[in-house]
Every structure is written in structure tokens, then in C-alpha cells.
Amino acid sequence: MEFENKILSREISRLLYERGKSLGTAESCTGGRIAEAIIATPGASNYFKGSIVSYADEIKENLLNVDHQVIEDQTAVCEEVARQMVQGACHALNVDFAISATGFAGPGGGTKDIPVGTIWLACGTADEIVTSKLEEDDGRDKNLERATHTALQMFHEFLQEHMPVVEEEG
């Protein structure tokens, strides 16, 4: 998937750079892997502003403004937390778009209701967010690799849908 991630990163780079838009990430279980994949493309400093690795709930709440009650009621591994992480990153990093990830990569941390391999991904703007839930457990490394790839793919599709390429007339 590394080669595919480079292609996705290059496409994301082109779409953001051509339109003068900015991106940031808010990552929990992926620990900065999504940001690493984004900056693998030369010129990323033109659109990528930064990342908040919010491994602890305290950081999600204090830096990303994730609602404490949501974490209490639903845990940090839920769709709503992933959504709030995107909103928080957009505001904290002052970016047009953000990508987030929260989950249990393994080998521990899962519960009966939320097993290891459950990872919620989200991307979008502060006002429009799409989410995806991963539920397979193929071991920590594969889970993180899948989450990173899926997040890039999901964001690329979001950009294509919300910022279609305009063909130049010649």
C-alpha cells in the first residue's frame, strides 16, 4: 500500500495546491502516520499546516475541543469523536480540510463492544464531514496501514467530489 499511498498523496497535493487550500490532521491510533504519508510528497509545506497527535483523551478534549461527555458516553472510539476531531483540527490548525483517526489498533485496548481493529476515520471541512469505520483486525501494523491508506483514499474521494477538476478550454 505504500506505493498506492504515494500516488494518493501526490493527487491530494495537486488538488490542494492548485486551489490554494490547506490541510491538517488529528490522529489518535495512527500516531501521525497519515501526516507522514501526506508530507511524503515534495512541496507539502505549500498546503499541509500540521498535525495534532491526540493519543490521550485529554488532548482530544483540550486541543481539539472534543466534547468530554461524548467520550464518557460513547468512548473515544466512535464516529462522533472522529467528526469532532476534524472540526477541532480545522479550527486549531486554521486549515480548510482535516483528516482524523481514532480507534484500537491493537493488540490490546479493545472491548467486547468495540474490538481491536475498530478504527473510525473522518475527513472534510468544519461544516461537511464524511466518516468510515474499519472493523478488521489483522494485527497492529496491518490495522494502522489499512487505516492510513483508507483515510487517504477517503480524503481523495472527498476532494474530487467537492473540488472537481475544471478542464481548461483550449
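# Report on a predicted model

Leu 63 lies in helix H3 (helices are DSSP runs of H or I with at least four residues, strands are E runs of at least two, both numbered from the N terminus). The structure is a predicted model, in which local features need pLDDT of at least 70 and side-chain atom pairs count only at pLDDT 80 or more, while totals for chains, interfaces and linings use all residues. Residues are numbered from 1 along each chain as its sequence is written, and side-chain values use heavy atoms, with hydrogens and water left out.

**Leu 63 and its neighbours.** Is Leu 63 buried, partly exposed or exposed? Leu 63 has a relative accessible area of 49%, so it is partly exposed (buried is under 20%, exposed is over 50%, partly exposed is in between; 1.4 Å probe, protein chains only). Leaving aside residues up to four places away in sequence, Leu 63 touches Ile 52 and Ala 92 (contact: heavy atoms within 4.5 Å). From Leu 63 to Gly 20, 43 residues apart along the chain, the C-alpha separation is 25 Å.

**Strand S1 and its partners.** Strand S1 covers residues 23-27 and is mostly covered, with five of its five residues buried. Leu 23, Thr 25 and Glu 27 point one way from S1, Gly 24 and Ala 26 point the other way, and all are buried. In a regular strand the side chains alternate between the two faces of the sheet.

S1 pairs with strand S2 (residues 48-53) in the parallel sense over five bridges (pairing takes at least two DSSP bridges). Here Ala 26 stands opposite Ile 52 in S2. S1 also pairs with strand S3 (residues 97-103), again in the parallel sense and over five bridges. In that pairing Thr 25 stands opposite Ile 99 in S3.

**Gly 50 in S2.** Gly 50 is found in strand S2. The relative accessibility of Gly 50 is 14%, so this residue counts as buried. Which residues does Gly 50 touch, not counting those up to four places away in sequence? They are Leu 23, Gly 24, Thr 25 and Leu 93. Three of the S1 positions described above, Leu 23, Gly 24 and Thr 25, are thus named again. Gly 50 and Ser 22 are 28 residues apart along the chain, and their C-alpha atoms are separated by 9.7 Å.

**Two pockets.** A pocket is an open set of points on a 1 Å grid over the protein atoms alone, where a 1.4 Å probe fits, with protein on both sides within 12 Å along at least five of seven lines; lining residues have an atom within 4 Å of a point. A volume is the space filled by probe spheres set on the points, which are joined across faces, edges and corners.

| Pocket | Volume | Lining | Nearest its centre |
|---|---|---|---|
| Largest | about 270 Å³ | eleven residues | Glu 2, Asn 5, Glu 36, Ala 37, Thr 148 |
| Second largest | about 190 Å³ | 15 residues | Ser 28, Cys 29, Tyr 55, Gly 103, Phe 104 |

Helix H1 (2-19), helix H2 and helix H6 (140-162) each supply at least two residues of the lining of the largest pocket. For the second largest pocket, helix H3 (57-64) and S3 each supply at least two lining residues.

**Asn 5 at the largest pocket.** Asn 5 is found in helix H1. At 11% relative accessibility, Asn 5 counts as buried. Beyond residues up to four places away in sequence, Asn 5 touches Thr 148, His 149 and Leu 152. Both Asn 5 and Thr 148 are among the residues nearest the centre of the largest pocket.
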